[in-house]
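Colleague: Please take a close look at one part for me, the way the second chain is divided up, and then work outward from there to everything around it. Keep it connected, as I'd rather have one long answer than a pile of notes.

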Amino acid sequence: MDISLSEEDKAFQQEVREFLEEHLPKGAEVWSKRKEWFEAGKAKGGWDVPKWPKEFGGPGWNASQHYIWDRETCDKSLPLVLPFGQVMLAPILMNYGSKEQQEKFLPDIRDHKVNWCQGYSEPGAGSDLASLKTKAELNEAGTHYVVNGTKIWTTMGHIADWMFCLTRTQTTDVRQEGITFLLIDMKTPGIEVKPIITLGGSHHVNQVFFDNVEVPVENRVGEEGKGWTYAKGLLQHERSAIAGISRTLVSLQKLKRNALKVKVGDGNLMDDNSYRKKLAEAEIDLRALEFTELRSLAGVQAGGAPGSESSILKLKGTIMQQRVQELTIEAAGPYAINWGHAKAGPSFSRMGMEMYLNGRAATVYGGCSEVQKDVISKRVLGLG
Amino acid sequence: MNFDLSEEQTLLKDSIQKFIADNYELSVRRKQSKQKPGYSEEHWKTFADLGWLGLPFPEQYGGFGGNLIDTMVVMEELGKGLALEPYFATVVLAGNALLLGGTEAQKEKLIPEIIAGDTKATFAYAEEQARYNLEDVATSAEKSGDGYVLNGTKSVVWNGSTADYVIVAARTSGNRTDRDGITCFLVKADAEGIKMTNYPTVCGHRASEITFTDVKVSAEDIVGEEGKGIEIVEEVADRAILALSAEAVGAMEVLYKDTVSYTSQREQFGHPLSDFQTVKHKLAEMFVETEQTRSMLYRATIEKEANEEKDARLDIHALKHMVGKYGRFIGQGAVQLHGGMGQTEELAIGHYFIRLQVIDTQFGDEDFHLQQFANKMDVPTEGGDEMMLPF
């Protein structure tokens, strides 16, 4: 058992620090200068796609290098990368995609030229994903699949150029069979995207309708009918990614800064011992979770897949996101009610409430908490 | 980076597991716990013969020069076996106090005896009014001629009744709650003026209240520097927390695994209990919190071993908080899911639950360490009004 930094690791840590110091956009520039940041990462040798292996242009870091990167970046605000392409789809293409697909899609994902969305859930297939019904039929010429049906809760579907999508090509007794993984160009005729407004008043998710949408066969990933197997691998990546542990730790630090500015009599909210202990309790769970993630990473490094630990990370990680959101609106206090944009009370409260409300989805999407517990009891505890 | 045990650690783990499997049936434990001295002297000899007592001590005193991870392995396995032997008091508490502050003469005499299993010792640091505050020491050590005279009462001294030596934290100067002015002394347990009130603990171990009335000690009996004893007390407490937490994680693992197996066999309403989703989910939560606590155990132990002071400080508080909070969650959950049988003394499950409950009271409980963490956590120096991060 050893996580001490070797001389090589220490040198790497130094390199990371220097890189961040030189290239990470400061303050508000995190939005305006994100392009420069990605370019600097790319020039550095794949640091723009930290999790990618070397053969696909990533840095090919080992587990301790990933650890160092996460530790060095967790208290900094990195430009946000939507996870759908880079984190969720890319590993599937690398593992199951054809060479042509890899060459066609990976470079654009990497360069943020193409936005992806995920087409999994359907009105009748939520956490019970295998009951999906969106139909894909091969045309007589065998050149295209014709897709009919609907997908729902499609995050960022309204800005997406492409969707990776689970479709049913066959109905068998085993529901997990007969599912095919397709890549669909969102500009194809017959696709309609309708917005869904969530509790926080925002438009992130959509319902997508398919009416005789033609998808070329070369956009099928892997074999017909094997899509479930590919998606399952992806779900584990998704679960690790949406746990967002480092990000929640950053949020917690931001929350402390905000709390210092919240007035309580002549002092501030950080003087309130009961509130301070709530923050401490959240931070403790997150610090443990950071190490659970590291243990999971070490397992992957040793040749395993992100397995049952990814369910722990998803389950606890999303609970902790929600906890920090709760504590944020608690900090806003009476001003948590401000639902307009007038300057009334601290400005973090408006967005804090929005995020709290929208954040309720975190324990629902990507396999709800109840499903994660089912997964753990089946896969880890061996209960049928 | 890896979280695997070394070959030596794996062998150590296996040998303790085998010993526990062969010797620690619950009925035997119960019998030994109830009769004097409260554990098996024969087992203690075996601990010595197999080298477990010498593990953390440097080779120059006949030990094996082990580190905190080795101790973690031992304590986790002893925890799984609910072992009664005074390994914690003698090796972890007194052993570390000696290592940290002992004079060469003290170490050369006592450590080889401890390793051989011939001498036992304990650490009397706590007092009733202090609760979990290590700096609150009323017991006085007044200078008298070349030596000192001890007066006062130390509370909840682990395995006091079988100790040959007691290392005592007493006040040589300052006020009762001053950080400075505490000094540690090595005292023979049968010295004149020492009175022990011994009692069994709810978890089957033994503890003592020790009263010192004009007990004479010499300057050579000081462990560490005069007036700076708090440094030893705190360092021993850190290592004690790591050891107890390893024991707790061992107990937590047994609890959730035993409960999985019990609920898979026990049938009600025509099904094994584990067929019911409400039971499955509870078991999944027990597994998750065991692994979470194990992660923090690894984190704090590794940081402490690597002398990463700031992180280790925070994570030792975090760990003891989690051990209290999740230990209770898992212990109570196991008892609940064992139904009527869970209420009985007959099953091992209740004894692990009780042990976890007791560990929460040793060296600061869940709430105490949450407060410590809250006091010491990283708080930015300047406030702001910042946007929070989206998902």
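**Domains, sheet and interface**

Modeller: The domain assignment splits chain B into domain 1 (7–119), domain 2 (123–227) and domain 3 (231–376). Before you lean on any of this, keep in mind that the model is predicted. Take domain 2 of chain B and domain 3 of chain B as the pair to look at: their C-alpha centres are 30 Å apart. Where the two touch, domain 2 of chain B puts in 12 residues and domain 3 of chain B puts in 11 residues. On the domain 2 side of that contact, 10 residues are nonpolar and 2 are polar, with no charged ones.

Now for the strands that run through residues 140 to 217 of chain B. Strand β2 covers residues 140–144 and strand β3 covers residues 147–158; the two run antiparallel, joined by 5 bridges. If you want a residue pair to click on, B:Lys143 sits opposite B:Tyr148 of β3(B). The connection between β2(B) and β3(B) is a hairpin with 2 residues in between, and B:Gly145, in the turn, has a positive phi of about 65°.

Follow β3(B) across to its other partner and you get to strand β7, residues 206–217 of chain B, again antiparallel and held by 8 bridges. A handy pair in this case is B:Thr153 with B:Thr211, the latter being its bridge partner in β7(B). So much for the pairing; β3(B) is the strand to keep on screen, with bridges to β2(B) and to β7(B).

Stepping back to the whole chain, chain B has 12 helices and 10 strands. Its radius of gyration is 22 Å, close to the 21 Å that the globule rule gives for 391 residues, so chain B is as compact as a globular protein of that length. Along the principal axes, the C-alpha trace of chain B spans about 80 × 65 × 40 Å. Of the 391 residues in chain B, 51% are buried. If you filter the contacts in chain B to a separation of 6 or more, 73% of them are between residues 24 or more positions apart.

On to the other chain. Chain A has 12 helices and 10 strands. The globule rule gives 21 Å for the 384 residues of chain A and the radius of gyration is 22 Å, which is close, so this chain is as compact as a globular protein of that length. The C-alpha trace of chain A spans about 75 × 50 × 50 Å along its principal axes. Here 43% of the 384 residues count as buried. For contacts in chain A between residues at least 6 apart in sequence, the share joining residues at least 24 apart is 68%.

In chain A the assigned domains are domain 1 (7–80), domain 2 (116–226) and domain 3 (244–380). The pair to check here is domain 1 of chain A with domain 3 of chain A, whose C-alpha centres lie 24 Å apart. Their contact draws 9 residues from domain 1 of chain A and 8 residues from domain 3 of chain A. On the domain 1 side, that makes 3 nonpolar, 4 polar and 2 charged residues.

Helix α12(A) is worth a quick sanity check. With 12 residues at 1.5 Å a residue, α12(A) should span 16 Å, and its end C-alpha atoms are 16 Å apart, so expectation and model agree. Within α12(A), the buried residues include A:Gln372, A:Lys373, A:Val375, A:Ile376 and A:Ser377. After α12(A) comes A:Gly382, with a positive phi near 70°.

Last, the place where the chains meet: 51 residues of chain A are in contact with 43 residues of chain B. On the chain A side, α4 (63–73), α8 (245–261), α9 (273–301), α10 (308–332), α11 (348–359) and α12 (369–380) each supply at least two residues. The most comes from α9(A), with 13 residues. By class, the side of chain A that touches chain B has 24 nonpolar, 12 polar and 15 charged residues.

Methods. Residues numbered from 1 in each chain as written. Chains lettered and ligands numbered in written order. Predicted model: local features only at pLDDT ≥ 70, side-chain atom pairs only at ≥ 80, totals over all residues. Contact = placed C-beta atoms within 7 Å. Helix = DSSP H or I, 4+ residues; strand = E, 2+ residues; numbered from the N terminus. Nonpolar A, V, L, I, M, F, W, Y, C, P; charged D, E, K, R; others polar. Domains from an automatic or database assignment. Expected span 1.5 Å × (residues − 1). Buried ≥ 20, exposed ≤ 12 C-beta atoms within 10 Å, placed from the backbone. Rg over C-alpha atoms; globule rule 2.2 N^0.38 Å. Pairing = 2+ DSSP bridges.
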